[in-house]
Amino acid sequence: VQSVPLKRILALVAIALLSACGGTSNGGAGTGGKIPVVTTISTFNSFVTGVGGDLVHVQSLVPVGASPETYQPTPEDVATLAHARLLVENGAGLEAWLARVIGNTGSKDLVIVVGTDGLPVKNDNPHLWMDPVYAKHYVLAIRDALVRIDPAHANDYRTNALRYLGKLDALTASIRSRIDQIPPNMRKMIVFHNAWQYYNDRFGIETLGFIERNPGQEPNPQQIGHLIDLARSNHLHAIFSEPEFSPKLAQQIAGSSNIHIVDNLYDDSIGAKPEVADYISMLNYDTNVIVKAMR
Ligand SMILES: [Zn+2]
């Protein structure tokens, strides 16, 4: 008489165990049982793997080398996002195209991290991740989301996040010591698009101007003339281009102001080369380019 309820209890326990196992590997179609995470830009992938390590599989919607501001999403993006458990976006107006993609997936249990939530956005400029101190905020939000999605590995996520935050602190200190080598009156930049506001504010560099006022909108001759005047009057040694934009305009301004260095900086996208293939390498590379150009 007593064996029947016991069997029932065992069966219930078995079902509970099965669904618990399913909970961590569910949705991992094509990701080898790892938690499928989608980011908007490749620069955020480092934050996700920094926290998730081998427990996550991450891919970005905007391809390496493309611009998020002018990105046109594809039907594959909808399919990619439909399989994701976590989406990491920037917010602050960077990904105007994203709401439509999310709407088309019909996904109900997608967890969304908006990296800039709770951070001070200046002048509608969305590039807050370029400040490694603000990047820590993105990492913490990703950590909390992964702990919520996969509580069984909460300790892993917390330990990994702590380690990655330490690396960001070391990066910040290292950038500061390198920027400090630039004579103070030379700490001025003309950049391609205004991705450098937060980095520059953090490390004491003045953003003199940017070539594209709005992404995809080329400056008129009068604006180019103004940038040439700025470059001349500030005795700039270098002007910066970006791999996702044509260097033509930067070269034109440089040529008219006797500037011989036009170098690429990476910001909205990591690069394919190993020295710019993750967030920390990218900011190290950029900082070296900036210091070399301004000294
Ligand atoms: Zn940008």
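Student: Why is Glu69 called partly exposed in this predicted model?

Tutor: Glu69 has a relative accessible area of 21%. Buried means under 20% and exposed means over 50%, so a value in between counts as partly exposed. That's why Glu69 gets the label partly exposed.

Student: And what makes Asp268 buried?

Tutor: Asp268 has a relative accessible area of 1%. The cut-off for buried is under 20%, so Asp268 fits.

Student: How do you know that Glu69 and Asp268 are donors of the zinc ion?

Tutor: Check the distances! The protein donors, among them Glu69 (OE) and Asp268 (OD), lie 1.9 to 2.7 Å from the zinc ion. A donor has to be an N, O or S atom within 2.8 Å of the metal, so these atoms qualify. His127 and His193 also take part, each through NE2.

Student: What spacing do the donors follow along the chain?

Tutor: They follow E-x57-H-x65-H-x74-D. Glu69 lies in the loop between strand 2 and helix 3, and Asp268 in the loop between strand 8 and helix 10, so the pair ties together parts that are 199 residues apart in sequence.

Student: Now the helices. Why is helix 2 called oblique to helix 5?

Tutor: Their axes come within 9 Å and cross at roughly 50°. That angle isn't under 35 degrees, over 145 or from 65 to 115, so helix 2 is oblique to helix 5. The crossing is right-handed.

Student: Which residues of helix 2 make the contact?

Tutor: Phe47, Val48, Val51 and Gly52 do, meeting residues of helix 5 that include Tyr138 and Arg143. The contact residues divide into 8 nonpolar, 1 polar and 1 charged.

Student: What makes one of them charged?

Tutor: Arg counts as charged, so Arg143 of helix 5 gets that label.

Conventions: Residues numbered from 1 in each chain as written. Predicted model: local features only at pLDDT ≥ 70, side-chain atom pairs only at ≥ 80, totals over all residues. Heavy atoms only, no water. Donors = N, O, S within 2.8 Å, 3.2 Å for Na, K, Ca; no water. Helix = DSSP H or I, 4+ residues; strand = E, 2+ residues; numbered from the N terminus. Buried < 20%, exposed > 50% of the residue type's maximum accessible area, 1.4 Å probe, protein only. Axes fitted to C-alpha atoms, helices over the stretch in contact; angles between N-to-C directions. Left-handed = near helix turned anticlockwise from the far one by under 90°. Contact = heavy atoms within 4.5 Å.
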